[in-house]
Structures are given as structure tokens and as C-alpha cells.
Amino acid sequence: MRTGAQALVDSLVKAGTEVLFGYPGGAVLDIFNCLPESPMKFILGRHEQGCAHMADGYARATGRPGVCLVTSGPGATNVVTGLATANIDGVPMVVITGQVGLSLIGTDAFQEADTSGITRAITKHNFLVHSADEIPEIVAQAFYIATHGKPGPVVIDIPKNCQQALTAAEYPERVSLRAYHPEHAPNPNDLAKFARLVNEAKRPVIYAGGGVITSGAAADLAALARKAEIPVATTLMGLGSFDEHDNLSLRMAGMHGTAAANWAIHKADCIIALGVRFSDRVTGNIKLYAPEAKIIHVDCDPSSINKNVKVELGICADIKDVLTTVGSRIKRNTHPEWLAEIAKWKKSRPMSYKPMHEGVIMPQAVIEAVDKATHGEALVVTDVGQHQMWAAQYFRHNTPRNFLSSGGMGTMGFGIPAAIGAGLAQPGKKVVCFVGDGGAQMTFEEVVCAVEHKVPATFIIINNNCLGMVRQWQQLFYKQRYAGSILSVRGRLEMEHLEQDLDYDYLPDFMLLAKAHGAEAYRVIDPAKLDDTIAKAIDSGKTSVVEVIVEPRANVYPMIPGGKPVTEMIFE
Amino acid sequence: MKQEIYRFNCFVENRPGVLARIVGLISGRGYNIQALNVGPTEDGTVSKMKIDVLCSDESVVEQIKHQLLNQVNVIEVTSRKR
Ligand SMILES: Cc1ncc(C[n+]2csc(CCOP(=O)(O)OP(=O)(O)O)c2C)c(N)n1
Ligand SMILES: [Mg+2]
């Protein structure tokens, strides 16, 4: 016999957990009490949101579930953003929350929150444990659910009395879920039609999303693209699924995608959509999306097919399975005219930017400097905002799981902790996190975890002195009324001024902040020092923070304004 | 837009929280539940839910069905126009 808490910790280890992220509290003390003897490496975050994003980053970098342990009430509510972020991007996670004792549930007990109720809509599944005997089985099921079908986060809410009760229950040999059978084999007729549509296409485009990376199908995708000479566009989540140095790469499609990717999709007669959701950030005006194309959509989630766009052929199956089986039926082919047309778009509208003021660093140059310093081999993690789009646009992505970003939720505060999780998962990798001056203030506290655990991540703060993405929208669509988007006192609207205004322009002082957290601190203002400073920080092998003061007025282009078709793309 | 009532017959595992999950899933996506009935089946571990939902077209019906089937505790779903 062992306690429910011990059964939980043993089960997590059985399920393959090597690193556990978490934060203690009254309702999980029994579980924490079992950690000193456990082989799992425990990482103490500094805020439960940070713990959740670390587990998420760990999962995105490896494909293995990120595991996180927090207390009841405020501990559980603090992981909510992390769950929603992982859920929409299909990231496998198992999150254990403490709960008040069963007899206290519903009494508004101290630190009681209805965690199952709160997390139901933002998890793939959740469990409320009713007895210590259930714990090993539920842990096994949670890991199964998190990693099968479209991956996602699973919450296990464990009342304190169940952690303390004794149980003889063992970890099951295999998981059997009566109602959940998410694996579908592709139907042979559909595969035949897939091959026919591809073989007949004159202007085909492969459109690859995060599902390709989840399925481990990047090599199969490249084989298909090369064999039939099909250009490849990706979503934000699909970056890294195809090497952007390849001539067939169109790079990223969507609101801030390349002209070539968006025009190719617009003019295509056949789109092979693999592991994508057709998000509104990518399709723009859905009625005018890919008007000439027959769309083939392969995805492991049946509900994503025909959800946002109507398709010619929907295949609900694992992408790798589909591509390996269909491979031999795809004709070796060339599309010289189509590629020539695409080459023209690439040439006339490359990703490019011009300096705006003499002696001021352009933010895009920071991304290029990292690409150069790491020879394209960095594991890039981003926060959310303009810098995220520049990181997507100006780094030449080439390897799956080397670009981690909150796509669906767009969660500011994701970057710093996710980078730490990724760094712990991939110790040999050069982890570089791009974060805005806004987002850096949301989860900076986690930098100490990187320092403590000697994660040699480089956090690059692209400091444009504003919530740049918001400022850009206000500039373009709200008549330059910069309400609530300027971080410096001087640039703020009259109505935002305080009675006794400070005269500092840039607050906080990120150098002091970085040093206070024990990290190496660098600040770059001079364009001539950019490359060297970045290379020095990355090569230092230490946790470092590089604040780059950049042009505050730079915007992300090209841009297709929300709800508009490709034809309304703006370039400056 | 013209909407019609569709009946979804759902067989689900009889466990705490399943009803809330199903109802939350449908209402959380902006669909309006017209009628709801939950009852036992001969197999005590399975419940049957009859859910009437206003849908604008067949693709919405398919979408709801897939969403329901994606749930870990949902065993089977059928639908028909009422
Ligand atoms: C948690 C959260 N709150 C608000 C937003 C809305 N939002 C999107 S981008 C952005 C600005 C981000 O500013 P910063 O971190 O400085 O990055 P920049 O755009 O300047 O590169 C905001 C407020 C968000 N995505 N996430
Ligand atoms: Mg900013």
C-alpha cells in the first residue's frame, strides 16, 4: 500500500516524466512530500502561469508531454492561460492540480475553485479524482489522451484526502478507453483521389501547418514536394516543417506572410493542406480564399475538416501515414511555368525592410543577426507581437520543433518561460527567445529559473518602447490615436499622463532587471555593435538578456488587413 | 438565416461531469440548445442524451457531431432533422 500522493508520483515516472514543473501550496503538500525521493527533476517556477508555459515549451521542443503540478484555487486559476495556449495549438500536457478534500467540495472552502468547471472548455479533457485507487489509471489515461489524436492538455484535479488515502492500485499495463479511439486509417479511395488531384494539378501548392510537425512528417512532406515539384507554404505553426532555404519554399502564408506564399495560394488550382486549421489569420476573407483551388485537407482532427473552408477532399488520418502510403502513386513531375510565375513574385516582393532613421537599429535586423550568429541552428522561441512576426519572417526556418510560438491564443508572456522549458528539454541547443518590451514584463520572473538551472538561453528584448502590434493597428486603422499602447511616459496621450510624471523614457531598466535575476545583461543601441553583441551573448553559454533598442515606428509588412483578400495586401 | 432543429442522439459514458462537458461544448460554440433530455440505458454505465439544436445547415450539424465525437466520454452520435 502507498498513499495516493505516492501513487501519483510513481505513476508520473512510469508514464515517462523526466522533468516536473510546478509550484507548491496547501492542497499539494502531500505530493511535494514525495518529490525528494523521485527521479524526476523538479523545476520550481515563480508563477504558475510560468510553470504551465515551461511545460508547454518542453512539450513543443520534444513532442513529449509537459508535466506541471500546482495547488488548488489560485494555483489552478493561474494555469488557465497556459492551458488555453496549449489547447488551441494542440500541445500535449498533463497538469495536476490539488483540490480541497472531497467532503469540502462545494462548501467554498479555503482555496477551493471549481477547477474542472473552469478548465473544461480549454483542455482536451479533465479528470476529478474521487478515490486514491483511481490515480494510477487516470494518470495513464491522461498521458494517452494528451498524446493521441490531436494532442492537447489534460488536467487531473486531485482532492487532498485522495492524496492522503492509502491504495494498492497499480499502474496499468495498457490504457483502454471505451469511447475514445482517435486514430483513423486513411481510406484507399481517398488516397487514390489524393494522388489523382495532385497528378492532374497544373498549379499545386502544399500548405503545411503544425500538424505536420506533430505527426513527424516533415521528411515525407519534403519528399512529396521534390518528387512532384510542388512549392510549399507554411502557417506560423508550420514553420520548420520545410526548409526555407529550399527553392520550393514560399515561406509563411497569412496576414503577415510573404507575397509569394499568399499569391501562390490565391492562384493555385490545387492546395494540399496538411495539418492546418485554416485560421482566420491565414485565410483573410474566407469567401475569397483560394478561389481557383481544389483543396485536399489532411488532418487528424475530424472536426477541423470543412470547418472554416469547404474542401474537395478531406482525409482524417495521420499525415505521415497518408504521405507514406500515397507516395508511390504520386507522379514525378515538373511545373516550370508555375514556378516561373512564383519566382517573379518572390523577386518583385521579397521580405525586405529599409532603415528609417540613421543610427537606429531596425528590429528585423536583430532577427537576421541571430540567424547569422547561430548559422540558422537556433531553437527560436517567441513571445507575441510585432517581434513574433519578424521572427517568423526574417529567420530562415529549417528544422521542425525549432520555432516555438503561441499561434492560436497569441499569449503574451509565453516566450520567456517556454524558452526555459525548451532549453531544459534540449540541453545542447542554442535557445534564443525574442520578446517584446511589453511581453517581457509579463513573465520576466521566470528568468531566475533559467539562471538557477544553468539554461544557456538568450532572451532578446526587442525594445520599441511600445506595444508595437497594438500601436501598428492604431496607426493603420484607428487614426493614429495611440491609447494605451505607448510604454514610455513621454510618448503617451494626454489622458494617460499622471499628476507627477516621471521623466524617464524607458522603464523598467531591463539591464538592472536582468542583473537582479542573475543573468548576463547586454544593451545594444548602435547598429554597428548589433551582430557582435548578439553573437557574444549567445556564445557565452550563460543565461543572458540582450536588450536591443530598436526603431519604434517600424511596422510588420506585408500585411493583409483582417477580413480582406490577398489582393488588398499592403507593403508599407 | 433559416434555421432548423436537429436532434442529436448521444450515447455517453455515465460519469460525473460528462453532461456539463457536452452542454458546455455546444453552448460555448454559440449554438442554441432547444431541448435536452438525459436518461439511463439498459447498460448502466452508458447514458443517452437527446439534444435538440438549432442549426443553419448540414455542415453545422456535421461540425457539432465531430466535436461531440472528439470528446473522450462520447461513445456514439447520430443526428436527424426534426
Ligand atoms: C496576454 C495578452 N494580452 C494582450 C494581448 C494583445 N496584444 C497583442 S500584441 C500586443 C503588444 C505586444 O507588445 P510587445 O510585447 O512590446 O511586442 P511588440 O509588438 O512591440 O513587438 C498586445 C498588447 C495579447 N496578445 N496577450
Ligand atoms: Mg514592444
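Q: Happy to dig in! What classes of residue make up the lining of the largest cavity?
A: Hi! In this predicted model, that lining divides into nine nonpolar residues, six polar ones and one charged residue.

Q: And what volume does the largest cavity have?
A: The largest cavity holds about 110 Å³ of space. Of the 16 residues lining it, those closest to the centre are N262(A), V282(A), T283(A), Y289(A) and V566(A).

Q: Which helix gives the most to that lining?
A: Helix 12 of chain A, with three residues. Helix 12 spans 259-267, and both it and helix 13 (280-283) of chain A supply at least two residues each.

Q: How many cavities of 30 Å³ or more are there?
A: The count is four.

Q: OK, pockets now. What's the volume of the second largest pocket?
A: Its volume is about 1,100 Å³. The lining has 39 residues, and the ones closest to the pocket centre are L25(B), R29(B), Q67(B), N70(B) and Q71(B).

Q: Which elements give two or more residues to that lining?
A: From chain A, helix 5 (80-89); from chain B, helix 1 (18-28) and helix 2 (58-70). Helix 1 of chain B has the largest share, at five residues.

Q: How does that pocket's lining split by class?
A: There are 17 nonpolar, 14 polar and eight charged residues in the lining of the second largest pocket.

Q: Where does the pocket lie relative to the domains of chain A, and why?
A: The second largest pocket lies between domain 1 (2-167) and domain 2 (188-348) of chain A, because both of them give residues to its lining.

Q: Back up a second: which domains is chain A divided into?
A: Chain A has domain 1 (2-167), domain 2 (188-348) and domain 3 (363-549).

Q: How far apart are the C-alpha centres of domain 1 and domain 3 of chain A?
A: Those centres lie 30 Å apart. As for contacts, 25 residues of domain 1 of chain A touch 27 residues of domain 3 of chain A.

Q: What area do domain 1 and domain 3 of chain A bury between them?
A: About 1,900 Å², with 66% of it on carbon and sulfur atoms. On the domain 1 side, R46(A), R60(A) and A61(A) lose the most area to domain 3, together 30% of what that side buries.

Q: How many salt bridges are counted between domain 1 and domain 3 of chain A?
A: The count there is one. R46(A), which we just met, also has a salt bridge with E452(A), at 2.5 Å from N to O.

Q: Let's switch to the two chains. How many residues of each are in contact?
A: 18 residues of chain B are in contact with 16 residues of chain A. The two chains bury about 1,500 Å² between them, and 50% of that is on carbon and sulfur atoms.

Q: Which three residues of chain B supply the most of the area that it buries against chain A?
A: That would be R21(B), N70(B) and V72(B), which supply 43% of the area chain B buries against chain A. N70(B) came up before, as one of the residues closest to the centre of the second largest pocket.

Q: How many salt bridges does the rule find across that interface?
A: It finds one across the interface of chain B and chain A. R178(A) and D43(B) form a salt bridge, with their closest N and O atoms 2.9 Å apart.

Q: What's the total number of salt bridges over all chains?
A: There are 26 over all chains. Among them is the pair K81(B) and E4(B), whose closest N and O atoms are 3.4 Å apart. That pair links distant parts of the chain: K81(B) sits in strand 4 (residues 74-81) of chain B and E4(B) in strand 1 (residues 4-13), 77 residues apart.

Q: Last topic, backbone geometry. Is the peptide bond from L507(A) to P508(A) cis or trans?
A: It's cis, with omega near -5°. P508(A) lies in the loop between helix 21 (468-477) and helix 22 (510-516) of chain A. Another cis peptide bond joins Y557(A) and P558(A), with omega about -5°, and P558(A) is in the segment after strand 20 (544-549) of chain A.

Q: Is the phi of R401(A) positive or negative?
A: Positive, at about 65°, although R401(A) is not a glycine. Most residues other than glycine have a negative phi. You'll find R401(A) in the loop between helix 17 (386-394) and strand 16 (403-404) of chain A.

Terms used. Residues numbered from 1 in each chain as written. Chains lettered and ligands numbered in written order. Predicted model: local features only at pLDDT ≥ 70, side-chain atom pairs only at ≥ 80, totals over all residues. Heavy atoms only, no water. 1 Å grid on protein atoms, 1.4 Å probe; cavity = no way out; pocket = protein on both sides within 12 Å on 5 of 7 lines; lining within 4 Å. Points joined across faces, edges and corners; volume = space filled by probe spheres on them. Helix = DSSP H or I, 4+ residues; strand = E, 2+ residues; numbered from the N terminus. Nonpolar A, V, L, I, M, F, W, Y, C, P; charged D, E, K, R; others polar. Domains from an automatic or database assignment. Contact = heavy atoms within 4.5 Å. Buried area = accessible area lost by both parts, 1.4 Å probe. Salt bridge = Lys/Arg side-chain N within 4 Å of Asp/Glu carboxyl O.
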